Each structure stands twice: as C-alpha cells, then as structure tokens.
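Me: I have a new model open and would like to learn how to read it. Could you walk me through it, feature by feature?

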Amino acid sequence: MNYNFFTLDCDDKLWSTIVSKSRVFDFYHTLSYNKLEKSGKPLLFVLEFDNDCLALPLVIRSIPGSQYYDATSVYGYAGPICTIPFDQVNIKVISYFQEKLVNYFKDNNIVSIFSRLHPLIKNDAFFLKFGLIEFVNKTVFVDLTLSLEEQKMQYRKTNKSELNQLRRKNFTVVEAKTKDEIDEFVSIYHETMQRVNASANYFFDHNYFYSFLHNTCFENKLLLAKIGNDIAAGAIFTVTNKIMQYHLAGTKESFIKETPMKLILDEARLKANELHLDYLHLGGGVGGSDEDTLFRFKSGFSNRTSDFKVWKMIVNHDVYDQLVKDKDIKDESTFFPLYRLHNC
C-alpha cells in the first residue's frame with residue numbers, strides 16, 4: 001500500500017478538493033470556514049493511501065509566554081473525514097496516519113490537541129488507542145429521510161400549537177436578501193449573546209458574517225422571522241453534503257415571549273426537505289438533558305439524538321504539566337488543556 005502524508009494551509013486550494021472527495025463532511029471541514037479562524041493557523045493533515053484519503057483539520061495556536069504550541073478545532077463540529085467509511089479503513093492505515101501526526105506534533109513543539117467531533121459522522125475508529133475520547137452531551141437532529149408527516153409527529157404538542165399561533169399572528173419566515181437585513185440580524189444576534197452572558201468568543205463581527213454568508217465552499221441561508229416589516233428573530237443554516245446545520249441565531253428582546261425561532265426551525269425543516277437532505281442538525285445544549293433549557297427547546301422538534309464527543313491528547317506530558325504548574329492552576333477541572341483554563 002502506498003502512503004503520502006502532507007499538510008495544507010488555507011492558501012492551498014487542494015484543501016477543497018480533498019474535502020469534496022470525502023464520503024461525508026460538513027461545512028466545518030471546508031476551506032472557507034477554516035479561513036475565518038482567527039485564534040491560530042488552520043492546517044489540514046492528509047494521508048493518501050492508494051486511491052483514498054484521510055484528512056483531519058486542526059488549528060495550531062501558540063501558547064502565550066512559551067515556545068510551545070497546541071492544536072484545537074474550529075468552532076463547531078469537526079474531526080476527521082475520509083473517502084470511505086471509517087470502519088472500513090485498514091487499521092494499518094489509521095496507525096500510520098497516527099504515527100505521522102505524532103511525529104509532526106513533536107517536531108513542531110505541539111504539546112496537546114483538542115478537537116470537537118461531529119455527532120453525525122461516525123469516526124471513533126480513527127482514535128483507537130490514540131488519545132482520549134470523551135462524551136460531552138446529546139445533540140438533536142431531524143431525520144429528513146422520514147416522511148413529512150412522521151417528522152411532524154415528533155414535534156412536542158406545545159410546539160404544534162405555538163406554531164399555529166405564530167402563523168395566526170401573521171409571523172412569516174423569509175430568506176435575507178439585503179445587506180440591511182444582514183446587519184439587523186447581526187445586531188439581534190449580538191443582543192442575544194449579551195442577554196445570555198456569552199463569552200467574547202461568540203461576538204463575531206460584521207465582517208465575519210459577510211464572509212460566512214458569501215463564502216465559495218458551502219451553501220447557507222439566513223432565515224428571518226418577520227411580522228410586518230419588523231424582524232423578530234433570525235438564524236443561519238448551512239447546507240453541506242446532505243446535512244443542514246442550525247448555526248448562529250438570535251431573537252429580539254421584545255419578541256422573546258412569542259418564540260418566533262420555532263417558526264424559523266419549522267420552515268428550515270421544510271426547506272431541507274425540498275433540498276432532499278438527510279439531516280437537519282440542531283445541535284445540543286449545555287448539558288444535553290431536559291433540565292437544559294436550550295436542549296429542551298431543540299428536542300421539541302425531534303426525538304432523534306446523537307452523541308457529541310471530543311478528542312483530547314497530550315503529546316508532551318512533561319511540558320504540559322510544567323505549563324499547568326507555571327500558571328499555578330490547582331483546579332481539578334476537566335477543562336482541556338488545563339493551562340488555558342483562564343485564558344482560552
């Protein structure tokens with residue numbers, strides 16, 4: 001078997017070619033999305049074997065106050081992708097790729113790696129005896145291979161009545177077409193992040209939204225709930241490789257009680273069916289249980305869930321422990337990497 005291991009950065013269009021050949025991928029893996037990353041340098045690690053390939057996107061970050069680096073994933077659900085199902089990849093191929101990754105990490109002073117994995121892409125086989133896989137929570141998805149009637153049967157009863165009420169009140173859902181509509185959505189999104197006390201990482205600027213919505217790698221839709229000329233709420237949905245993702249969303253303070261986001265999600269489901277997609281992935285909440293308000297909101301649209309997991313790996317234990325010691329961190333938190341606990 002012939003092997004060819006290499007890395008690509010965001011200046012190399014071959015990134016897009018390799019991702020597009022993968023059996024299943026999402027917008028988190030694409031060149032356009034990784035170009036938006038500001039925390040470090042995105043790289044695509046690639047192993048070609050015979051006529052197939054494995055690929056893993058990571059973001060390489062410098063560790064402040066040191067000569068070392070670590071790696072993480074982009075915001076969202078990433079992880080490895082492959083041109084064939086992971087359970088069909090020869091274990092020797094996976095072992096070779098793992099060996100090459102570790103050598104790269106060691107040669108480039110990369111201390112630790114953290115990556116969020118994609119709940120709908122079954123890729124656990126890649127991490128066999130390679131770091132640690134941890135379950136985080138459940139995420140909710142709508143199975144679009146079911147009939148429209150079967151999909152609607154999974155709605156919580158209160159959702160059905162509230163959707164009818166919203167339509168009776170003349171709320172409608174439209175797709176944003178103008179810069180003014182995008183700008184108003186951004187304002188509503190920022191207002192929402194302030195209301196929920198989100199961290200600074202969630203306050204994307206206007207240029208981020210313009211670049212995201214006009215990218216060249218994946219389709220997306222900004223859906224707005226309106227009553228008259230007033231925008232009550234909005235959400236961005238991506239469309240990639242049979243998957244629609246519920247990405248960023250916000251509701252105007254004055255319309256919270258009406259919950260217009262429910263109407264947006266219902267319309268997104270209908271659009272996803274028109275596009276003949278397989279999944280509408282709504283994501284998870286904080287804890288992935290009914291006690292979690294966000295999870296409960298999303299699970300009102302479907303009883304189908306998937307497991308959200310993360311991958312953690314320490315390459316250099318001595319340096320990792322020293323970095324934690326230097327920060328005087330005595331916290332027993334499961335946060336990873338621990339040396340970034342207060343400045344991630």
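**Reading the model, one feature at a time**

Reply: Happy to. Let's begin with a single side chain: R167 is partly exposed, with a relative accessible area of 33%. Keep in mind that this is a predicted model.

Me: Thanks. Which helix does R167 lie in, and which helix holds D266?

Reply: The general idea first: side chains of opposite charge can pair when their charged atoms come close. Here, the side chains of R167 and D266 form a salt bridge, at 2.7 Å from N to O. R167 lies in helix α5 and D266 in helix α8, so this pair ties together parts that are 99 residues apart in sequence.

Me: Is D266 buried or exposed?

Reply: D266 is buried, with a relative accessible area of 2%, whereas R167 is partly exposed at 33%. The cut-off to remember is that buried means under 20% relative accessible area.

Me: Which residues make the other salt bridge that links distant parts of the chain, with an N to O distance of 2.3 Å?

Reply: That one is E162 with K262, whose side chains meet at 2.3 Å, N to O. E162 belongs to helix α5 (residues 157-168) and K262 to helix α8 (residues 261-274), and the two are 100 residues apart. For cover, E162 is partly exposed, with a relative accessible area of 26%, while K262 is buried, at 10%.

Me: How many residues apart are R195 and E191 in helix α6?

Reply: They are 4 residues apart in helix α6 (residues 179-195), which means about one helical turn separates them. Their side chains meet in a salt bridge of 3.3 Å, N to O. Both ends are partly exposed: R195 has a relative accessible area of 29% and E191 has 26%. Salt bridges can also share partners, and those that do join R167, D266, E267 and R269 into one network.

Me: How many salt bridges does the count come to?

Reply: The count comes to 16 salt bridges.

Me: Now the strands. What should I look for there?

Reply: Start with the general picture: in a regular strand the side chains alternate between the two faces of the sheet. After that, ask which strands pair and in what direction. Take β6 (residues 110-116) as the case: 6 of its 7 residues are buried.

Me: Which strands are joined to β6 by bridges, and do they run parallel or antiparallel?

Reply: Strand β4 (residues 69-72) runs parallel to β6, and 2 bridges join them. In that pairing, Y69 stands opposite I110. Strand β13 (residues 305-314) runs antiparallel to β6, with 5 bridges between them. To find the register on screen, look at I113, whose bridge partner in β13 is M313, and at S112, whose partner in β13 is I314.

Me: How many bridges join β7 to β13?

Reply: There are 8 bridges between β7 and β13, and the two strands run antiparallel. One pair to pick out is K138 with D307, its bridge partner in β13.

Me: How do I read the surroundings of one residue within a strand?

Reply: Check its cover, then ask what it touches far along the chain. V140 is a good case, placed in strand β7 (residues 132-143). V140 is buried, with a relative accessible area of 0%. Leaving aside neighbours within four places in sequence, its contacts are L280, H281, L282, G283, F295, K298, S299, S302 and R304. As for G284, its C-alpha atom is 6.0 Å from that of V140, although 144 residues separate the two along the chain.

Me: And what are the helix and strand totals for the chain?

Reply: The chain has 10 helices and 13 strands. Its radius of gyration is 21 Å, close to the 20 Å that the globule rule gives for 344 residues, so the chain is as compact as a globular protein of that length. The C-alpha trace spans about 60 × 50 × 35 Å along its principal axes.

Me: What share of the residues is buried, and what of the surface?

Reply: Of the 344 residues, 53% count as buried. The accessible surface comes to about 16,600 Å², of which 48% belongs to carbon and sulfur atoms. As for contacts between residues at least 6 apart in sequence, 73% join residues at least 24 apart.

Methods. Residues numbered from 1 in each chain as written. Predicted model: local features only at pLDDT ≥ 70, side-chain atom pairs only at ≥ 80, totals over all residues. Heavy atoms only, no water. Buried < 20%, exposed > 50% of the residue type's maximum accessible area, 1.4 Å probe, protein only. Pairing = 2+ DSSP bridges. Salt bridge = Lys/Arg side-chain N within 4 Å of Asp/Glu carboxyl O. Contact = heavy atoms within 4.5 Å. Rg over C-alpha atoms; globule rule 2.2 N^0.38 Å. Areas by Shrake-Rupley, 256 points an atom, 1.4 Å probe, with all protein chains shown as cover.
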